[in-house]
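Hi,

Here is the structure I promised to pass on. Have a look at it first, and then read my notes below.

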Amino acid sequence: MNSPAPDRARNLRARLGGLGFGGDYNPEQWDAATRAEDLHLMNEAGVNLVNLAVFAWARVEPARDAYDFGFFDTVMDDLAAHGITANLATMTASPPPWLAAEHPEILPVTASGGVLSPGGRQHFCPSSPVFRDRAVRLAEAVAAHYRDHPALGVWHVGNEYGIHVAECFCDTSAADFRRWLTDRYGDIDALNDAWSTDFWSQRYTGFDQIAPPRAAPTYPNPSQQLDFKRFSSDALRTCFTLERDALRRITPDVPVTTNFLAGHKSVDVQRWAPEMDLLALDSYPDPHEESAHIGAALSYDVLRGAADGRPWLLTEQAPSAVNWRDRNAGKSPGRMRLWSWQAVAQGADAVMYFQWRQSRGGAEKFHSGMVPHAGAETRVHAEVRELGRELALAPELAGTRLRNEVAIVFDWDNWWALELDSHPSNGVQCLDRVLDHYTPLFEAGVGIDVVHPSADLSPYKLLVLPSHYLLSAEHAARIAAFVAAGGGLLASFFTGIVDEHDRVHMGGYPAPLGDVLGLRVEEFWPAAEGETVALRAADANSPAPAAGSLWREDVKLAGARPELFFAGPDWDDDRPAATVHTHGAGTARYVATRPDPGTMRALVDRALADAGVGAVLPGLPAGVQATLRHGADHDVLVLLNHTEEKHEVSLPAGRLDLLDVRRPAVRHVTLAPRGVAVLGSAGT
Ligand code: GAL
């Protein structure tokens with residue numbers, strides 16, 4: 001029998017004894033006096049975890065194989081002496097100038113053949129054997145040097161893989177792509193079939209003829225584009241696993257992670273997750289955006305779903321403003337606290353920032369820091385300290401998990417395929433469509449998981465498919481079985497259109513779900529930009545609709561009952577716009593347009609009611625989010641007031657107020673604007 005994979009994340013949890021708190025620490029940018037002040041301030045702020053040496057390659061290996069750990073030895077010793085754990089980087093995020101000068105072939109090449117120069121960061125071709133070799137050697141050297149260091153708690157490999165360079169089109173990448181294709185398809189005819197190469201005379205007679213989808217006169221083959229995205233994510237993942245394997249050989253008990261960026265399309269987090277001991281996310285919601293917290297909520301649920309529900313680390317967020325948007329809003333008082341607790345509420349076991357001390361020079365000098373340019377006697381630093389104090393009050397949150405009954409089906413294959421060119425409407429964008437469904441669910445107050453279609457669906461009562469264009473026959477069959485067995489389904493237009501190779505499922509859309517939904521779509525009629533599509537209720541029991549936008553289509557009923565119709569006066573009058581169908585023991589709903597938010601909420605509420613799903617805490621005021629994290633014999637309710645008004649909340653039973661050191665039992669909570677309550681079950 002195979003022994004279960006070791007739970008290395010538990011080792012970090014045991015070390016921290018509660019939630020992690022800290023940030024990227026870049027001591028190499030500062031003098032000794034500042035570093036001494038840093039340690040003192042970190043202790044005062046309750047910092048127990050730092051991301052260390054993320055961009056330190058040039059300093060630690062100033063010339064090939066000439067490792068110099070002197071500086072970081074002092075830093076690591078100081079951290080240990082101050083009780084701070086290092087999420088120690090393998091330092092491979094940005095190759096040093098000497099490496100690019102000695103080996104210009106490591107530099108990435110764009111689709112049009114341009115070479116990306118050093119001078120920024122992440123300038124490496126993911127398939128480059130030279131880069132991979134130098135990175136693994138460095139990771140080995142770092143691991144061998146710090147293997148027994150008391151400050152070492154977790155390994156931070158690379159940094160936000162793929163955020164700047166996700167794909168490389170050089171000859172080395174081309175050869176690697178061909179190897180990847182040979183593994184995937186075995187023989188060239190299988191590839192020709194998968195890629196539909198009889199179209200436009202693209203039939204290959206050997207793998208050696210295939211190149212990445214470089215700049216071409218017109219649309220490159222879509223299946224080739226899709227496979228290149230899969231390959232590119234895998235190539236980066238190989239960079240990660242090569243370093244991870246080196247680390248595991250030397251420090252088998254230390255967990256290994258890398259930090260993903262929320263909302264980043266190029267790296268398939270779900271395919272990376274099984275390779276990692278724990279998942280980590282960097283999250284930068286825009287304070288200028290009114291519903292930024294909902295987009296952030298989605299990204300936390302995506303990450304937690306990829307982690308199979310396990311706790312994760314918020315490795316970066318901004319203490320206040322970032323520097324990389326056109327206009328960089330600061331976080332108003334209380335917002336950083338609110339958004340930090342939101343990550344914890346949604347499963348994070350650590351709250352960290354980019355970065356500890358705001359840089360004096362370099363491209364990110366106007367990015368906020370936990371210690372701003374103005375020093376520690378500042379609003380931002382005061383809020384940081386206060387949050388550190390608070391997080392330490394609820395150690396029982398660490399290791400707990402959410403249990404939700406609604407799952408949005410999501411995967412990167414669909415994200416990539418849905419947004420390929422030459423589609424009926426370029427207005428159908430994956431995260432927008434997911435948010436169109438996520439937002440009314442979030443506002444209904446239900447807990448949401450976001451899962452891959454191959455995930456265990458048994459915990460769920462309702463599945464949501466928001467324009468899930470690419471759906472393999474196998475995954476469609478799982479969803480059909482889920483509904484037949486009594487589950488609820490809410491699916492929107494442009495779902496179940498193509499298979500895993502981007503080839504249409506024939507017989508009327510969405511063929512593999514036609515029986516489940518009780519309908520067949522003959523034609524798509526996307527709306528013009530800004531055009532609204534009139535809707536009308538099928539009868540007095542239907543939701544009273546306002547309008548749709550973005551899409552309409554010709555739905556032919558085959559058992560489903562219409563709830564909404566397109567209302568013309570155009571040629572689409574009287575065609576169904578929303579339907580409901582009983583399939584086996586379950587109920588399947590279909591939405592053939594993008595309804596206005598009120599109508600969408602009404603449809604979502606019906607789907608929730610059909611499936612018997614209730615809010616985490618019923619009766620909450622709009623804009624107040626509630627989540628429940630469960631431990632073995634306790635749970636913690638977190639309430640987050642995302643509004644600018646005060647709200648009173650009554651609890652169904654008494655709970656302990658964990659943010660009050662005395663932990664009084666309360667039945668009633670007053671939430672200030674942007675306020676937070678963290679409430680343990682009796683016995684916590
Ligand atoms: C992240 C990155 C950090 C820093 C930060 C600024 O994407 O990992 O190194 O650049 O953004 O917001």
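**What holds the ligand**

A polar atom in the side chain of R121 sits 2.9 Å from one of the ligand's oxygen atoms. Before you go further, keep in mind that this is a predicted model.

R121 is not alone in this. The side chain of N159 has an N or O atom 2.9 Å from an oxygen atom of the ligand, and for E316 the corresponding distance from a side-chain N or O atom to a ligand oxygen is 2.8 Å. How much of the ligand's accessible area does the protein cover? On its own the ligand has 310 Å² of it, and the protein covers 96%.

If you want to colour the surroundings of the ligand, pick F55, R121, N159, E160, D282, Y284, E316, W324, F354, E364 and H367. Sorted by class, that shell has five charged residues, four nonpolar ones and two polar ones.

**Empty space**

I also looked for cavities. How many are there of 30 Å³ or more? The count is five, and the largest has a volume of about 40 Å³. Its lining is made up of T92, A93, Q122, F124, F131, G158, N159, Y161 and E243. So you'll meet N159 twice: it is in the shell around the ligand, and it also lines this cavity. As for the classes, the lining has four nonpolar residues, four polar residues and one charged residue.

**Aromatic rings**

There are plenty of rings to click through, as the model has 30 aromatic pairs. One of them is F124 with F131, a stacked pair with 3.9 Å from centre to centre and 5° between the planes. Are these two residues buried or exposed? Both F124 and F131 are buried, and both are among the residues that line the largest cavity.

Another pair to look at is Y161 with W272. Here the rings are tilted, with 50° between the planes and 5.4 Å from centre to centre. Y161 is also part of the lining of the largest cavity.

That's what I have so far. Shout if anything is unclear.

Cheers

How values were computed:
Residues are numbered from 1 along each chain as its sequence is written. This is a predicted model: local features need pLDDT of at least 70, side-chain atom pairs count only at pLDDT 80 or more; totals for chains, interfaces and linings use all residues. Side-chain values use heavy atoms; hydrogens and water are left out. A residue is near a molecule or strand if one of its heavy atoms lies within 4 Å of it. A polar contact is a pair of N or O atoms within 3.5 Å; within protein, one must be able to donate a hydrogen and the other to accept it, and residues adjacent in sequence count only if both atoms are side-chain atoms. Accessible areas come from the Shrake-Rupley method with a 1.4 Å probe; for residues, only the protein chains shown count as cover. Ala, Val, Leu, Ile, Met, Phe, Trp, Tyr, Cys and Pro count as nonpolar, Asp, Glu, Lys and Arg as charged, and the others, Gly among them, as polar. On a 1 Å grid over the protein atoms alone, a cavity is a set of points where a 1.4 Å probe fits but cannot get out, and a pocket is an open set with protein on both sides within 12 Å along at least five of seven lines; lining residues have an atom within 4 Å of a point. Grid points are joined across faces, edges and corners, and a volume is the space filled by probe spheres set on the points. Rings of Phe, Tyr and Trp (its six-membered ring) pair if their centres lie within 6.5 Å; planes under 30 degrees apart count as stacked, over 60 as edge-to-face and the rest as tilted. Buried means under 20% relative accessible area, exposed over 50%, partly exposed in between (1.4 Å probe, protein chains only).
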